[in-house]
Amino acid sequence: MASAPSNTNVRNFVRIDSCLCKGCKVCVETCPKHCLVIGSKMNQLGYQYARFEKETCTACGLCFYSCPEPGAITVYRNEPADREDV
Ligand code: SF4
Ligand code: SF4
């Protein structure tokens, strides 16, 4: 019997555009896996922006759909593990 494909070389990834984020925390509170945090750095608008922190992300998209700022969040499903963070 063939074995199931290994998932060890893939991961989900969320990119937060720090220029567009207004630090409202909606995504942080929405994420069921607690993958997002508000960082200590400020963007050029003076907002402390969200950061993707954990790789327990399931790529459910809830953060994307809950964010009020268009384009601030991009969810990547099963990106290769060697992909450089953007
Ligand atoms: S895609 Fe889902 S699990 Fe991943 S960070 Fe967003 S809300 Fe959390
Ligand atoms: S919901 Fe959007 S604007 Fe609010 S903290 Fe998250 S990324 Fe930033």
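How many C-beta neighbours does Lys22 have inside 10 Å, and does that count make Lys22 buried, exposed or partly exposed? The legends below, which describe a predicted model, begin with this residue.

**View 1. Lys22 and its surroundings in the loop between S1 and H1.** Lys22 has 17 C-beta neighbours inside 10 Å and therefore counts as partly exposed, because a residue is called buried at 20 or more such atoms and exposed at 12 or fewer. When residues up to four places away in sequence are left aside, Lys22 touches Tyr47 and Glu69. The C-alpha atom of Lys22 is also separated by 8.4 Å from that of Gly46, although these two residues stand 24 residues apart along the chain.

**View 2. The hairpin formed by strands S2 and S3.** These two strands pair in the antiparallel sense, and their pairing extends over 4 bridges. One of the bridge partners to look for is Phe52 in S3, which is paired with Leu36. Between the two strands of the hairpin there are 5 residues, and in this turn Gly46 has a positive phi of about 90 degrees.

**View 3. Two residues other than glycine with a positive phi, Lys25 and His34.** Lys25 lies in the loop between strand S1 (10–16) and helix H1 (26–30), and its phi is about 75 degrees. His34 is found in the loop between H1 and strand S2 (36–42), and its phi is near 55 degrees. Lys25 has 13 C-beta neighbours inside 10 Å and so counts as partly exposed, whereas His34, with 12 other C-beta atoms within 10 Å, is exposed.

**View 4. The residues around ligand 1.** The shell around this ligand holds 14 residues, of which Cys31, Cys35, Cys57, Cys60 and Cys63 come nearest. Sorted by the character of their side chains, the residues of the shell around ligand 1 divide into 10 nonpolar, 3 polar and 1 charged.

**View 5. The residues around ligand 2.** Here too the ligand is surrounded by 14 residues, and those that come nearest are Cys21, Cys24, Val26, Cys27 and Cys67. The elements that give two or more residues to this shell are H1 and strand S3 (48–52), the latter being a strand that also appears in the hairpin with S2. The shell around ligand 2 is made up of 10 nonpolar residues, 1 polar residue and 3 charged residues.

Note on methods:
Residues numbered from 1 in each chain as written. Chains lettered and ligands numbered in written order. Predicted model: local features only at pLDDT ≥ 70, side-chain atom pairs only at ≥ 80, totals over all residues. Near = placed C-beta within 6 Å. Nonpolar A, V, L, I, M, F, W, Y, C, P; charged D, E, K, R; others polar. Contact = placed C-beta atoms within 7 Å. Pairing = 2+ DSSP bridges.
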